[in-house]
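Student: Hi! I have this one open on my screen and would like to walk through it with you. Could we start with the empty spaces inside and go on from there?

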Amino acid sequence: MNTANYLVDITMIMPELTLICVALILLLLDLVVKNKEVLAAVGIAGTLVALYGTYKLFVFHAPQSVFADMFVLDGYSNFFKLIFYLNIILTILISLKYMTIEKASFGEYYSLLIFATTGMMIMASAADLIVLYLGLELMALSTYILAGLMRKQLRSNEAALKYFFLGAFSSAILLYGISMTYGLTGTTNLREIAAALQTLNIMESPAVFLGLIFLIVAFGFKVALAPFHMWAPDVYEGAPTSITAFMSVGPKAAGFAVMGRVLFEAFGGMQMQWNSILIPLAVITMAVGSIIALAQTNIKRMLAYSSIAHAGYMLLGIIAGTPEGLASTANYLMIYMFMNIGAFAIVIMLRREGFQGENLDDYMGLAKSHPLASALMLIFMFSLTGIPPTAGFIGKFYVFMEVIRSGYTYLAIIAVIFSVISAFFYLRVVMYMYMKDPKEDVTLTTSSTLSIALAITAIMVLILGIFPSFLLNLVRSSIPG
Amino acid sequence: MVPLSWYIVLSALMFSIGVFGFLSRRNLIIIFISIELMLNSVNISLVAFSHYLQSMRGQILVFFVITVAAAEAAIGLAILIAFYRNNPTIKVDEINLLKG
């Protein structure tokens with residue numbers, strides 16, 4: 001291949017390159033600029049530039065793979081990149097004031113957020129197991145540090161430690177799966193793996209199946225599927241709340257992006273085999289997430305279990321095994337991002353100097369003193385439960401519809417039962433806010449950026465709930481059947 | 001010439017020892033070493049496959065794995081030291097602030 005072709009290839013990764021440059025510039029700016037709000041503004045501006053770049057690539061270039069079929073640009077990757085961009089922008093908006101209160105307002109924070117997002121984007125675009133591994137590690141290593149950013153607080157240290165050890169363990173398992181798949185098929189390219197499985201006629205081979213299990217287990221760690229969810233509640237509780245919001249959406253979306261791509265593109269012919277693992281995983285995940293959350297008194301921990309349960313619902317779209325099913329998972333992730341970051345934004349508002357505001361008791365009677373914040377929390381909790389007219393209902397409805405269409409009606413029934421169970425702990429927050437008397441006065445920490453983030457998330461949750469066709473058309477055109 | 005299966009068995013054994021060490025040992029440093037053992041067992045199998053398949057991809061991936069493992073060690077030890085400053089222990093059983 002000549003130089004000119006490589007230059008064409010480089011245009012295709014412009015958004016990722018932009019983000020990496022912005023992250024490096026932020027590291028240097030941190031040395032001279034003392035005001036962290038400037039760094040946050042630069043971070044958001046850089047992300048918007050990259051978002052514009054992705055939009056341009058989407059409009060002007062047909063789906064294609066570059067760098068010798070290692071990096072692919074298609075509607076699927078673009079849709080997930082949109083989730084990552086919105087995720088990082090909303091996270092920066094909710095974290096400005098919060099990180100000052102936690103006395104962890106470092107310039108590296110924004111830089112690491114951008115590096116993690118770049119890793120996720122590389123994962124979404126990976127068409128080769130090597131690139132997938134590198135993107136995954138870039139994301140994971142940045143998030144380990146972010147989880148432990150409040151380094152004076154033991155909770156945060158412990159969260160980072162647990163996240164690191166289990167994350168490193170899961171990436172070793174991923175590598176073993178990659179090496180088995182490579183040894184059996186002779187390639188790491190996803191499309192060539194599919195072709196090799198066909199021509200060598202080894203789809204029934206137990207060794208290939210074992211490699212596939214290793215890969216699914218590793219992705220299961222990243223998206224927190226039970227029984228690989230053990231790290232999630234501890235890490236979500238100990239990490240800074242803004243990072244919890246970031247982690248519960250970004251790495252999960254990236255994990256589902258690669259899971260969908262690897263299973264559909266490389267192991268598309270082995271759907272019977274991977275469904276035999278994924279179906280029990282989905283049922284256990286929904287059960288563990290919904291049932292253990294009932295016993296939680298810390299809201300961050302409760303939202304962690306809720307995010308495990310949601311991973312179970314999202315998995316149903318992949319189990320459906322059709323492109324429409326995959327589209328329903330992507331749609332769910334987009335909706336989940338708005339409602340989850342919104343809920344965490346309210347949790348952040350309760351945090352102030354000398355007051356954690358993470359216990360459910362702290363929400364008692366919040367509606368009397370702060371009606372607007374309570375109303376927003378009500379919207380997010382309804383949406384997480386899946387009650388119309390909020391977006392959460394649309395997300396669940398679409399996933400259940402696709403899984404029924406593929407003939408797994410019993411899975412949809414199980415999922416509905418667990419989402420009824422989950423209503424208990426979501427609506428308990430609402431009950432505490434509206435039907436209990438306040439124990440002590442809670443003052444909310446507000447800031448303009450946090451209000452912007454809350455406005456965006458609340459409006460999106462309502463708009464997507466009432467007029468879902470816009471998002472549904474977008475996701476259907478991105479992931480054509 | 002050493003047959004491929006010997007390398008694969010060696011790699012599988014090393015990986016199993018690593019997993020066993022990760023799950024059973026109670027010292028953070030030993031757990032860390034177990035993870036490195038798992039990564040290096042993967043490297044052995046990748047290089048062996050790469051040689052027998054006459055394809056370079058496996059060896060390229062090994063270079064990436066080694067590099068990432070170095071970065072991972074740096075970050076892991078940094079997190080460990082940050083933790084140790086607040087709570088001087090490396091016994092897993094004593095790291096139990098977050099639970100429930």
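**Cavities, cores and odd backbone spots**

Tutor: Happy to. The structure holds 5 cavities of 30 Å³ or more. Keep in mind that this is a predicted model.

Student: What is the volume of the largest cavity?

Tutor: About 50 Å³.

Student: And which helix gives the most to the lining of that cavity?

Tutor: Helix α4 of chain A, residues 75–101, which supplies 5 residues. The lining includes Leu93(A), Ile94(A), Lys97(A), Tyr98(A) and Ile101(A). Ile348(A), Arg351(A), Thr445(A) and Leu450(A) are also among the lining residues.

Student: How does that lining divide into nonpolar, polar and charged?

Tutor: There are 6 nonpolar, 3 polar and 2 charged residues.

Student: Arg351(A) caught my eye. Where else does Arg351(A) turn up?

Tutor: In the contacts of Glu102(A), once neighbours within four places in sequence are left aside. Glu102(A) also touches Met150(A) and Gln153(A) on that count. The residue sits in the loop between α4 and α5 of chain A.

Student: A glutamate in a loop, then. Is Glu102(A) buried or exposed?

Tutor: Glu102(A) counts as buried because its relative accessibility is 5%, and the cut-off for buried is under 20%.

Student: How far is Glu102(A) from Pro63(A)?

Tutor: They are 39 residues apart along the chain, and their C-alpha atoms are separated by 44 Å.

Student: OK, switching to pockets. How big is the largest one in volume?

Tutor: The volume of the largest pocket is about 600 Å³. Lining it are 27 residues, and the closest to its centre are Lys162(A), Phe165(A), Leu166(A), Phe22(B) and Val92(B).

Student: Both chains, I see. Which helices supply at least two residues each?

Tutor: From chain A, α7 (154–185), α10 (231–238) and α13 (299–320) do; from chain B, α1 (4–24) and α2 (28–53) do. The most comes from α7(A), with 6 residues.

Student: What about the classes of residue in the pocket lining?

Tutor: That lining has 17 nonpolar, 3 polar and 7 charged residues.

Student: How confident is the predictor about chain B and the complex?

Tutor: Chain B has a mean pLDDT of 93, with 99% of its residues at 70 or more. For the complex, the ipTM is 0.97 and the pTM is 0.95.

Student: Nice. On to packing: how many residues are in the largest nonpolar core?

Tutor: That core has 211 residues, and Phe80(A), Phe267(A), Leu316(A) and Tyr363(A) have the most contacts inside it. Helix α14 of chain A, residues 323–350, gives the most to this core, with 20 residues.

Student: What does Phe80(A) touch?

Tutor: Away from its neighbours within four places in sequence, Phe80(A) contacts Ala124(A), Ala253(A), Ala257(A), Ala330(A) and Leu333(A). There is also a second, separate core of 6 residues, with Ile13(A), Val66(A), Phe71(A) and Leu73(A) among them.

Student: I also clicked on Thr117(A). Why does Thr117(A) count as buried?

Tutor: Because its relative accessibility is 0%. Thr117(A) belongs to helix α5 of chain A, residues 108–125. Beyond neighbours within four places in sequence, its contacts are Leu19(A), Phe84(A), Ile88(A) and Phe246(A).

Student: Last topic, the backbone. Where are there cis peptide bonds?

Tutor: One runs from Ala226(A) to Pro227(A), with omega near 0 degrees. Another joins Pro388(A) and Pro389(A), where omega is about 10 degrees. Pro227(A) lies in the loop between α9 (206–223) and α10 of chain A, while Pro389(A) is in the loop between α16 (371–385) and α17 (391–405) of that chain.

Student: Which residues other than glycine have a positive phi?

Tutor: Ala224(A) is one of them, with phi near 60 degrees, and Gln54(B) is another, with phi near 55 degrees. They are worth pointing out because most residues other than glycine have a negative phi, and most peptide bonds are trans.

Student: Are those two buried or exposed?

Tutor: Ala224(A), in the loop between α9 and α10 of chain A, is buried, with a relative accessible area of 0%. Gln54(B), in the loop between α2 and α3 (57–86) of chain B, counts as exposed at 67% relative accessibility.

Conventions. Residues are numbered from 1 along each chain as its sequence is written. Chains are lettered from A and ligands numbered from 1 in the order in which they are written. This is a predicted model: local features need pLDDT of at least 70, side-chain atom pairs count only at pLDDT 80 or more; totals for chains, interfaces and linings use all residues. Side-chain values use heavy atoms; hydrogens and water are left out. pLDDT is the predictor's confidence in each residue, from 0 to 100. On a 1 Å grid over the protein atoms alone, a cavity is a set of points where a 1.4 Å probe fits but cannot get out, and a pocket is an open set with protein on both sides within 12 Å along at least five of seven lines; lining residues have an atom within 4 Å of a point. Grid points are joined across faces, edges and corners, and a volume is the space filled by probe spheres set on the points. Helices (H or I, at least four residues) and strands (E, at least two) are DSSP runs, numbered from the N terminus. Ala, Val, Leu, Ile, Met, Phe, Trp, Tyr, Cys and Pro count as nonpolar, Asp, Glu, Lys and Arg as charged, and the others, Gly among them, as polar. A nonpolar core is a set of buried Ala, Val, Leu, Ile, Met, Phe, Trp, Tyr and Cys residues joined through side-chain atoms within 4.5 Å. Buried means under 20% relative accessible area, exposed over 50%, partly exposed in between (1.4 Å probe, protein chains only). Contact means heavy atoms within 4.5 Å.
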